[in-house]
Amino acid sequence: MKIKAGVIFAWILALTVTLWIWSGVFLKGQVVPEVGAAAPVATLSRVQTEWNLAEPMVRYITLNGRTAAKRSITVKSETSGKILTMPFQKGDTVQKGDLIARIDTADLPARLTSSKALEEQRRQEFLATQKLVNQGFQNAAQLATANALYEQAKAQTVGLTYQLAFTDIRAPFNAVLNSAFVEAGSVIRNGDPIVELVDFSSLKVVADVSENNIGFVNLGDDAAIDLVQGETAIGKATYIDTAANAATRTFAVEFEITEKLNRPMAGSSAVIRIPMPTTPAHFISPALLILDDDGKLGIKTLESNGIVAFHNIDIIESTPKGVWVSGLPERVQIITVGQGFVVSGQQAVAVPSTAKANTQ
């Protein structure tokens with residue numbers, strides 16, 4: 001039987017098409033490289049980095065305080081009368097023993113002389129009565145009466161002596177005359193205020209420390225204190241409250257400044273910086289700080305294997321030139337450019353700081 005050439009050609013064409021279709025099924029997903037062609041290489045993101053080394057840094061507890069004088073008292077009159085003179089004016093400095101005010105003695109000297117004479121009379125009467133009692137001419141009751149009159153006369157003399165002494169009011173310590181409540185010519189009574197004296201031989205600074213930081217403050221510790229008038233001084237912790245304020249959970253702490261100040265002022269604001277133990281910290285630009293998906297502050301770094309990592313950090317101190325942070329390894333390669341285009345766990349390539357980083 002003779003087969004036609006057209007039929008044979010049709011069979012060959014059908015077989016060729018079938019083999020081509022089956023080859024596509026079994027080779028699906030495979031790329032057959034051309035002879036002599038180079039294999040494709042994956043392109044990595046490029047970032048600019050900078051090595052940063054931790055430095056030991058002293059941390060500070062910063063407190064807002066208020067100043068107070070070492071002591072402040074209101075000097076009051078201990079007798080009645082008219083003010084004759086007040087040598088010092090408001091704002092003057094007085095020394096211990098200086099005359100602050102003099103009160104008119106009026107008839108006090110005459111009354112004191114009369115009282116002393118009466119005292120002597122009562123003493124003679126008491127001695128005479130005592131002699132008569134010993135002789136049996138008077139009884140014990142009469143002796144007790146004479147003794148009472150004698151003691152009364154002595155008490156009157158002592159009282160008038162003190163009143164006369166109190167007509168000269170003197171400074172009890174070195175101080176500044178902060179306020180004057182009377183003037184020369186004023187008539188005062190016993191107990192009336194005369195002047196207010198403020199002792200600035202040392203300055204106290206009072207602040208409230210939180211319960212979280214009170215453990216870092218000890219009696220005798222030094223602290224740097226910035227005063228509102230522009231002076232900076234060293235204060236020593238002289239008092240620490242043993243019971244916290246129930247409302248604020250803070251403890252009152254007092255620092256004493258003993259060095260001489262140009263303008264000591266009570267009641268003004270002050271900033272207290274208490275040093276804490278040193279801690280390793282990195283100094284970086286605040287522009288490198290970013291937030292993770294949980295809203296925590298941190299920076300991105302490039303590990304030794306080229307993998308991008310995110311580190312949470314704590315800001316220790318902010319300065320006009322940068323921030324000190326903790327929470328990083330001692331030596332770290334910080335991504336300075338391109339951190340917004342890479343994610344944690346991604347591999348990246350560091351480029352020199354002079355080259356321009358790009359992302360792909």
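Biologist: What makes L177 count as buried?

Modeller: Its relative accessibility is 1%. Buried means under 20% relative accessible area, exposed means over 50%, and partly exposed is in between (1.4 Å probe, protein chains only). L177 is under the cut-off, so it counts as buried. It is found in strand β7 (residues 175-180). Strands here are DSSP runs of E with at least two residues, helices are runs of H or I with at least four, and both are numbered from the N terminus. The C-alpha atoms of L177 and K90 are separated by 5.5 Å, though the two are 87 residues apart along the chain.

Biologist: What kind of model is this, and which parts of it count?

Modeller: It is a predicted model: local features need pLDDT of at least 70, side-chain atom pairs count only at pLDDT 80 or more, and totals for chains, interfaces and linings use all residues. Residues are numbered from 1 along each chain as its sequence is written, and side-chain values use heavy atoms, with hydrogens and water left out.

Biologist: Why are α2 and α3 called roughly antiparallel?

Modeller: Look at the angle. The axes of helix α2 (residues 108-135) and helix α3 (residues 140-165) cross at roughly 160° and come within 8 Å. The axes are lines fitted to C-alpha atoms, for helices over the stretch in contact, and angles run from 0 to 180 degrees between N-to-C directions. Under 35 degrees counts as roughly parallel, over 145 as roughly antiparallel, 65 to 115 as roughly perpendicular and the rest as oblique. The angle is over 145, so α2 and α3 are roughly antiparallel.

Biologist: What is the handedness of the α2 and α3 crossing?

Modeller: Left-handed. That term applies if the near helix is turned anticlockwise from the far one by less than a right angle; clockwise would be right-handed. The residues of this contact divide into 13 nonpolar, nine polar and seven charged. Ala, Val, Leu, Ile, Met, Phe, Trp, Tyr, Cys and Pro count as nonpolar, Asp, Glu, Lys and Arg as charged, and the others, Gly among them, as polar.

Biologist: How do you know that β2 and β13 pair?

Modeller: Count the bridges. Two strands pair if DSSP finds at least two bridges between them. Strand β2 (residues 55-76) and strand β13 (residues 269-284) have 11, in the antiparallel sense. In β13, A270 is the bridge partner of G65. β2 also pairs with strand β9 (residues 193-210), again antiparallel and over 11 bridges. There, S72 stands opposite V198.

Biologist: What makes β6 and β8 edge strands?

Modeller: Each pairs on one side only. They belong to an open sheet of four strands, in the order β6-β5-β3-β8, with antiparallel pairing. Strand β3 (residues 81-85) and β8 pair over two bridges. K82 has V187 as its bridge partner in β8.

Biologist: Why is the pair of Y162 and F166 called tilted?

Modeller: A pair of aromatic rings is described by the distance of the centres and the angle of the planes. Rings of Phe, Tyr and Trp (its six-membered ring) pair if their centres lie within 6.5 Å; planes under 30 degrees apart count as stacked, over 60 as edge-to-face and the rest as tilted. The structure holds three aromatic pairs. In one of them, the ring centres of Y162 and F166 are 5.8 Å apart and the planes stand at 35°, so the pair is tilted. Y162 is exposed at 51% relative accessible area, whereas F166 is partly exposed at 26%.

Biologist: And why is the pair of F283 and W324 tilted?

Modeller: The planes of F283 and W324 stand at 55° and the centres are 5.1 Å apart, so this pair is tilted. F283 is in strand β13 and W324 in strand β18 (residues 322-326), 41 residues apart. F283 is partly exposed, at 32%. W324 is buried, at 17%.

Biologist: What makes G322 buried?

Modeller: Its relative accessible area is 0%. G322 lies in strand β18. Its C-alpha atom and that of S285 are separated by 4.8 Å, with their positions 37 residues apart along the chain.

Biologist: Why is R249 called partly exposed?

Modeller: Its relative accessible area is 49%, so it falls short of exposed. R249 sits in the loop between β11 (232-240) and β12 (250-257). Its phi is near 55°, a positive value in a residue other than glycine.
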